[in-house]
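Colleague: Before I rely on the descriptive terms attached to this model, I should like to see how each one is justified. Could we go through them in turn?

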Amino acid sequence: MKRILEQSKTLYQLESYTCNMVSGHDGGRNLIYICNNKENKYVLRISVLNDRKGEDFRAETEFVHYLAQNGAPVADVIPSIHGRFVECLETEGRRYYVCLFAYAKGMLISDNGYRYREGAPLAEYFYNTGKTLGRIHQLSKQYSPAHRRPDYFDKYNMDYINRLIPQEYSELKKAIADRLDQFRALPTEPDVYGLIHFDFSDGNYHIDMDTGDITVFDFDNCINCWFMFDLANLWIHGEGWFRSEANPTKRMEYMQLYFDTILQGYKTETDADEFLLEKLPLFIDMVLIENIVDEFEVCAREGEDVDAEDIEDAARCLVNHIPYAGNGK
């Protein structure tokens with residue numbers, strides 16, 4: 001990997017930069033390096049899995065660049081010395097896809113102890129999160145890609161899920177099949193279905209703690225799907241703010257207020273389809289399915305069995321039709 005890193009530094013003129021690898025999460029598909037010199041800071045990404053083609057990376061980076069060029073608050077992709085957004089390097093018969101991105105201004109809210117900027121209410125943060133997502137979605141609705149990312153059902157179909165998930169989870173697979181049938185009946189016009197982030201959460205954007213501005217990164221999982229998925233993902237990631245509330249009714253009320261504030265910001269940038277908004281619980285189930293599939297995929301890559309406890313809450317919600325608002329309730 002040292003050879004690949006050195007070749008990458010040459011391709012992006014980073015020879016004078018100090019490049020420090022970021023600790024990845026379990027099952028991560030990329031090596032990430034923060035590259036610094038006295039003037040600039042970048043993020044170098046090197047793919048380590050062979051499950052995607054050059055077309056996928058080109059489609060991702062073209063979308064990111066389109067968003068950045070049209071005013072979306074995203075960390076732009078930086079071309080190589082050859083003017084390419086994606087470079088392919090080979091060693092020992094293996095391909096590595098390399099991309100360089102601007103460093104997003106600000107910091108992860110987790111690195112600030114989940115404290116928002118001093119003197120500002122959390123409602124501002126929720127509103128700004130929705131506004132940022134709305135800007136991305138509005139531009140996506142106008143986007144005509146040169147290279148295409150996969151569609152939702154290219155991956156999320158029962159042929160694949162039956163191969164991935166063991167039969168001992170038969171009830172779970174039956175619940176997933178039921179939801180997939182419901183998803184197939186949803187409208188897919190361009191105003192409700194397009195290229196989305198598919199992992200829009202506080203781990204994939206930085207916050208400027210002086211202004212509250214948000215800058216989004218890591219479009220590695222972007223996919224053609226319903227815009228509602230990204231909103232439903234915010235619902236699920238918001239439960240951490242209210243999980244200490246033991247009363248399920250009160251917790252659901254707080255969750256709804258949080259989501260309403262996100263929607264206020266979102267609607268300043270783009271429309272939210274009222275018919276699909278009413279189906280928020282179904283899209284929350286879509287996110288739970290994605291989380292479960294990801295867990296099985298990561299374990300399959302690592303040659304391990306899934307720990308049933310790691311998917312227990314999500315599976316119970318799907319099988320028993322329980323609205324998700326934290327702690328599986």
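The exchange below takes up helix packing and then two individual residues.

Modeller: Please bear in mind throughout that this is a predicted model.

Colleague: What makes α10 oblique to α11?

Modeller: The axes of helix α10 (residues 280–302) and helix α11 (residues 312–320) cross at roughly 135° and come within 10 Å. Angles over 145 degrees count as roughly antiparallel and those from 65 to 115 as roughly perpendicular, with oblique for the rest. The crossing falls in neither range, and therefore α10 is oblique to α11. The crossing of this pair is left-handed.

Colleague: Which residues make the contact of α10 and α11, and how many of them are nonpolar, polar and charged?

Modeller: From α10 come Asp 285, Leu 288, Ile 289 and Ile 292, and from α11 Ala 314, Ala 315, Cys 317 and Leu 318. By class, 7 are nonpolar, 1 is charged and none is polar. Asp counts as charged.

Colleague: Why is α7 called oblique to α8?

Modeller: Helix α7 (residues 227–238) packs with helix α8 (residues 248–266) at about 140°, the axes being 10 Å apart. Roughly antiparallel requires an angle over 145 degrees, so the term for α7 and α8 is oblique. Their crossing is right-handed. Among the residues that meet are Phe 227, Leu 231 and Trp 235 of α7 with Met 255, Phe 259 and Tyr 266 of α8. In this contact 11 residues are nonpolar, 3 are polar and none is charged.

Colleague: How do you know whether His 137 is buried or exposed?

Modeller: The relative accessibility of His 137 is 0%. Buried means under 20%, so His 137 counts as buried. This residue lies in helix α3 (residues 122–141). Beyond its neighbours within four places in sequence, His 137 contacts Ile 196, Phe 227, Asp 230, Tyr 266 and Thr 270.

Colleague: What makes the pairing of the His 137 and Asp 230 side chains a polar contact?

Modeller: The two side chains make this contact at 2.9 Å. The cut-off for a pair of N or O atoms is within 3.5 Å, with one able to donate a hydrogen and the other to accept it.

Colleague: Why does Leu 44 count as buried?

Modeller: Leu 44, in strand β3 (residues 41–47), has 0% relative accessibility, and the limit is under 20%, so Leu 44 is buried. Its contacts beyond four places in sequence include Leu 5, Tyr 12, Leu 31 and Val 98. Leu 31 is 13 residues from Leu 44 in sequence, with 8.2 Å between their C-alpha atoms.

Note on methods
Residues numbered from 1 in each chain as written. Predicted model: local features only at pLDDT ≥ 70, side-chain atom pairs only at ≥ 80, totals over all residues. Heavy atoms only, no water. Axes fitted to C-alpha atoms, helices over the stretch in contact; angles between N-to-C directions. Helix = DSSP H or I, 4+ residues; strand = E, 2+ residues; numbered from the N terminus. Parallel < 35°, antiparallel > 145°, perpendicular 65-115°, else oblique. Left-handed = near helix turned anticlockwise from the far one by under 90°. Contact = heavy atoms within 4.5 Å. Buried < 20%, exposed > 50% of the residue type's maximum accessible area, 1.4 Å probe, protein only.
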